[in-house]
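Colleague: Could you take me through one part of this model strand by strand, and then show me how the rest of the assembly sits around that part? I would like the pairings spelled out, with the residues that face each other.

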Amino acid sequence: MAARSTSLGFRAGLIVVSAAVALLVVVPVSRLGYVVWTESAGGLGQVWSRPGLARAVVNTVVLAAGVTVVAVPLGALAALALRRSDVPGRAWWRVAMVLPVLVPQFVLGYSWTQAYARAGFTDTVLGVPWPAVQGPWGVWAVLVVNTVPLAYVFAAVGLAVRAEPDLERAARASGATGLTALRSVTLPLLRPSIAAASVLSFVLTLESFAIPQVMGTPSGFTTVTTLIYRDLSLGSDPASFVEALALALLLVLLTIIVVIPADLVLGPRLRVSRVAVTEGAPVEQRGGRAGGWIAAALSSYLFLGVVLPVLALVAAALTPAVGVSPRPDHWTLDNFRLVLTARTFDALGRSAGLALVAATALTVLGVAVAVLERRRSGRILGTLVTLTLVLPGSTLAVALLITYGRWIGGTLTLILLAYLAKLWAFAHRPISGALDRLPLGELQSARASGAGPLTAARTVALRPLAPALLGAWLICVVTALHEVTMSSLLYGPGSDTFAVIVLNSQELGRIGPTAALSVLLTLFLVVPALPVWLLIRRLRTSTGATGPAAPRGVADVR
Amino acid sequence: MSADANGVPVLEIRDLTVRYGDVEAVDAVGLNVGAGEVVALLGPSGSGKSTLLHAVAGFRPPSRGEIWLQGRRVASPEKSEPPERRDVAVVFQSYALWPHLSALDTVAYPIRRRGGRRRAAREQAAELLGRLGIGDLADRRPVELSGGEQQRVGLARALARGASLYLFDEPTAHLDTHVRGVFLDELVSRREATGAGGLYATHDAEEALGLADRVALLNSGRLVQLGTPEQVYAEPVDLWAALLTGPASLVRAPVSASADDLCTLAVGGRSVVVGTTVAVPVAERAELLVRPGWARLGGDLPGRLRSTRFRGEHTDLLVETEVGEVLIRQPGPPRHAAGQRVSWTLSRVWPLAVSASGDSSGTR
């Protein structure tokens with residue numbers, strides 16, 4: 001692709017994309033550092049000693065560790081269990097393990113409170129409440145449920161590409177029992193995937209906002225992100241503002257402290273090439289009831305973690321008032337009628353428009369970086385974009401706010417910029433991965449058959465890349481629709497997204513309407529997402545499966 | 001060479017059927033491997049070779065039938081012992097070396113599983129690697145090894161298992177002479193003790209015929225023929241088996257008379273007496289197989305050279321004759337041009353659709 005005409009295009013693309021990276025990420029984050037530095041001149045100690053701050057930092061770190069040590073083993077266990085051929089409905093379970101990510105984080109958190117809190121579903125129906133659900137334990141439990149799919153996908157992909165069945169058979173044929181083979185062969189092979197999932201789980205929990213906000217804040221449990229939110233939306237004194245900035249900076253530092261050593265240790269290991277690649281085949285099992293037990297365990301996990309809470313949410317949306325038993329004869333659509341106001345529809349439209357514009361722009365930006373980084377001079381762009389993964393949403397939002405707020409503060413444009421900056425890496429990675437897997441010979445043979453570079457890309461590369469492009473687009477749409485971390489900090493009058501409306505309604509404590517809004521938001525997301533997802537699956541199988549379905553389920557955990 | 005006359009066979013497969021859903025990947029196969037014997041499973045991909053090996057190794061339970069190792073039943077539809085409790089070692093298709101272990105630790109692995117101490121296991125492993133000529137690669141991981149070196153590590157691991165049956169699941173490359181020698185030496189040295197055998201799956205006829213004491217031809221899960229390499233080559237049960245085991249031509253000619261090892265055919269107007277190994281039934285129009293070495297140029301039969309292909313050591317000639325096209329293999333470079341009239345001689349035929357002689361249809 002080194003024709004002279006494309007060299008010009010390449011240079012132009014390089015300049016445009018570099019400018020975008022600078023404006024979206026580099027300038028705002030530098031500005032954040034600069035403002036914290038100047039604003040707190042002499043007063044940084046004062047900021048750190050503010051009441052509750054140390055507590056929030058400790059909470060955040062302990063929570064991230066607690067979620068990781070439970071969610072990652074659970075996800076890995078599920079992946080190992082679902083390789084057994086004797087689990088009834090295996091193919092279905094593999095999809096079911098990932099589906100919970102379609103429920104927005106704060107909707108899931110809110111559903112849990114509707115299901116298990118005092119006056120919740122289990123209390124009303126069975127008289128068994130779990131009051132601690134509104135507090136650190138509830139936050140932890142929901143974050144675990146929310147993180148298990150991520151760990152599951154990492155472990156499942158790791159198993160499919162690294163633990164070929166013959167490697168385990170070789171251990172068995174060498175005299176190892178099933179357990180010894182697991183310990184001495186499968187787990188060591190899986191270690192890099194598990195470690196990567198752990199780092200990601202830790203980092204995502206560090207920057208998680210919605211679940212701690214919905215379930216922790218009412219009981220006084222604070223984390224760094226909820227403190228930033230409180231400082232910016234409620235605090236009016238300059239000290240809270242400086243505190244929010246300092247916390248935003250602290251959050252990114254915490255992330256970096258974890259990610260950089262992890263990348264140094266893990267990076268090379270994850271890149272260790274394999275001797276041979278075969279598809280991850282099921283492990284043959286016979287006899288015993290293990291398969292049945294596994295199916296039972298998975299059902300109860302999914303039922304208690306996702307299905308029952310969502311049902312409780314639907315029940316709450318359909319019951320007229322708190323305390324009314326959620327029996328069918330009490331059901332009414334009043335709550336829906338109440339919330340389906342012009343303001344809601346406006347917000348829905350804004351959210352949809354924002355998500356579609358952001359996703360489309362992000363797919364283009366993702367392709368741009370993926371193409372540019374093939375050349376030596378563009379490689380730094382790929383690295384920079386990947387680095388934005390460690391930027392917590394709260395940090396990014398605060399940085400953008402103090403950099404561009406005086407011109408476009410409170411507008412949808414600012415939220416759009418935040419999405420572009422935050423999700424760029426999410427769009428870039430799957431596209432870049434698919435491009436890596438595209439055999440160079442296919443493009444070369446198109447060129448040798450007389451196609452120009454653009455024609456070659458359109459006729460030969462577009463079709464095999466389609467699942468990745470569509471997948472990246474879908475990840476961005478779903479994530480943008482879910483997103484409240486940044487939009488709740490950045491919205492202004494007339495630019496509140498639908499997710500923000502739901503969050504605000506929760507804060508006002510209007511249970512029925514909030515439940516109705518949450519149901520609407522979830523439907524709003526699941527209904528269009530499912531057909532696109534099915535289309536991607538079909539494209540994937542008809543192109544001959546370009547590798548494992550890696551980052552699709554990974555990214556929409558926000 | 002069938003060694004199951006003296007004592008218990010190393011492996012005995014009785015009426016084995018393995019189903020995947022409702023597809024019978026292995027269909028009612030019976031097969032023995034004697035001590036010191038190597039049996040090759042020869043068949044195209046999808047013929048059930050791997051499934052058969054997997055059933056013997058214990059990776060897949062039988063749907064019907066039994067598997068006996070050294071006189072002990074290890075698998076039946078009711079009970080299938082796991083691989084680690086069977087006395088088998090496996091060399092895998094792409095060697096299945098563990099990416100996280102060095103060559104030394106890989107080979108020490110089966111010894112450790114037998115309860116060997118780490119140090120003793122490593123010493124033994126180093127000795128095995130040395131025997132295979134890769135003692136200096138002990139610290140390398142699989143990614144740092146070439147294909148041939150990986151094969152040697154894979155075989156060393158299998159040998160370290162000290163099993164009485166070695167299974168080869170279509171090794172991607174042929175065993176080179178040295179590796180094959182080490183393996184066969186091992187079988188010989190073990191014959192005195194308990195006796196060991198090998199079952200070698202391959203789709204390569206040349207490899208199967210050159211390596212094995214007996215060859216089993218598999219087609220869609222069924223055992224089509226079982227016999228010595230000479231038998232399956234010279235006396236195939238049908239055209240499929242004939243073409244699987246090597247190049248051959250099919251001629252059609254009337255058979256007018258037949259004795260035990262001779263028969264008289266009519267080629268054009270001439271009556272020709274040729275050798276065979278079975279009584280050929282007298283027929284108006286018999287289908288007869290001719291291997292490339294069973295005919296030669298020169299003689300009194302007329303023909304026309306259709307094409308020649310120089311293959312280094314020898315030349316393959318396709319000759320158009322009165323009984324059909326015949327492939328003839330001559331030593332040396334081609335001496336005739338395509339299109340030229342040539343004369344030829346037929347020395348031997350094998351009648352198809354006549355059941356093969358003796359025990360070549362199976363030694364149960």
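**The β15 to β18 strands, and their surroundings**

Modeller: Happy to! In chain B, β15(B) pairs with strand β16 (residues 314-321) in the antiparallel sense, and the pairing runs over six bridges. Please keep in mind throughout that this is a predicted model.

Two of the facing pairs give you a good register to follow on the screen. T308(B) stands opposite L317(B) in β16(B), and R309(B) has D316(B) of β16(B) as its bridge partner. Follow the chain on from there and you come to the turn: the hairpin of β15(B) and β16(B) has three residues between the strands, and in this hairpin G312(B) takes a positive phi near 90°. If you plot backbone torsions, G312(B) is a residue to look up for its positive phi.

Now go to the other partner of β15(B). This strand covers residues 295-310 of chain B, and it also pairs with strand β18 (residues 341-346) of chain B, again in the antiparallel sense, here over seven bridges. For a marker in this second pairing, take G303(B), which stands opposite V342(B) in β18(B). So that you can place both ladders, look for β15(B) with β16(B) as one antiparallel partner and with β18(B) as another.

β16(B) carries the pattern onward. Strand β17 (residues 324-331) of chain B pairs with β16(B) over eight bridges, once more in the antiparallel sense. A hairpin through two residues joins β16(B) to β17(B). T321(B) has G324(B) in β17(B) as its bridge partner. As general background, strands of a sheet pair through backbone hydrogen bonds, either parallel or antiparallel.

Let's move to another sheet of the same chain. This one is open, with four strands in the order β2-β1-β4-β5 (chain B) and antiparallel pairing. Its edge strands are β2 (23-33) and β5 (72-75) of chain B, each of which pairs on one side only. On average, neighbouring strands of this sheet are turned by 30° against each other, direction ignored. Within the sheet, strand β1 (residues 11-20) of chain B pairs with β2(B) in the antiparallel sense over seven bridges, and E12(B) stands opposite N32(B) in β2(B). Helix α1 (residues 49-57) of chain B packs on the sheet and touches β1, β2, β4 (64-69) and β5 of chain B. The direction of α1 makes about 65° with that of β2(B).

Stepping back to the whole of chain B, you will find eight helices and 19 strands. The C-alpha trace of chain B spans about 80 × 45 × 40 Å along its principal axes, and 46% of its 364 residues count as buried. Among the contacts in chain B between residues at least 6 apart in sequence, 67% join residues at least 24 apart.

Chain B also meets chain A: 27 residues of chain B are in contact with 23 residues of chain A. On the side of chain B that touches chain A, β6 (88-91) and α2 (103-113) of chain B each supply at least two residues. The residues of that side divide into 17 nonpolar, four polar and six charged.

Chain A is built from 24 helices and zero strands. Its C-alpha trace spans about 65 × 65 × 45 Å along the principal axes. Its radius of gyration is 24 Å, which agrees with the value near 24 Å for a compact globule of 558 residues. Buried residues make up 49% of chain A.

One spot in chain A deserves a zoom. V103(A) is found in the loop between α4 (90-96) and α5 (105-116) of chain A. V103(A) counts as buried because it has 23 C-beta neighbours inside 10 Å. Leaving out residues up to four places away in sequence, V103(A) touches L108(A), V306(A), V310(A) and T522(A).

Two of those names return where helices cross. The axes of α5(A) and helix α13 (residues 290-318) of chain A come within 7 Å and cross at roughly 75°, so the two helices are roughly perpendicular to each other. Among the residues making this contact are L108(A) and W112(A) of α5(A), with V310(A) and L313(A) of α13(A). The residues of this contact divide into 10 nonpolar, two polar and no charged.

Conventions. Residues are numbered from 1 along each chain as its sequence is written. Chains are lettered from A and ligands numbered from 1 in the order in which they are written. This is a predicted model: local features need pLDDT of at least 70, side-chain atom pairs count only at pLDDT 80 or more; totals for chains, interfaces and linings use all residues. Two strands pair if DSSP finds at least two bridges between them. Axes are lines fitted to C-alpha atoms, for helices over the stretch in contact, and angles run from 0 to 180 degrees between N-to-C directions. Two residues are in contact if their C-beta atoms, placed from the backbone, lie within 7 Å. Ala, Val, Leu, Ile, Met, Phe, Trp, Tyr, Cys and Pro count as nonpolar, Asp, Glu, Lys and Arg as charged, and the others, Gly among them, as polar. A residue is buried if 20 or more other C-beta atoms lie within 10 Å of its own, exposed if 12 or fewer, and partly exposed in between; C-beta atoms are placed from the backbone. Angles under 35 degrees count as roughly parallel, over 145 as roughly antiparallel, 65 to 115 as roughly perpendicular and the rest as oblique. The radius of gyration is taken over C-alpha atoms; the globule rule is 2.2 Å times the number of residues to the power 0.38.
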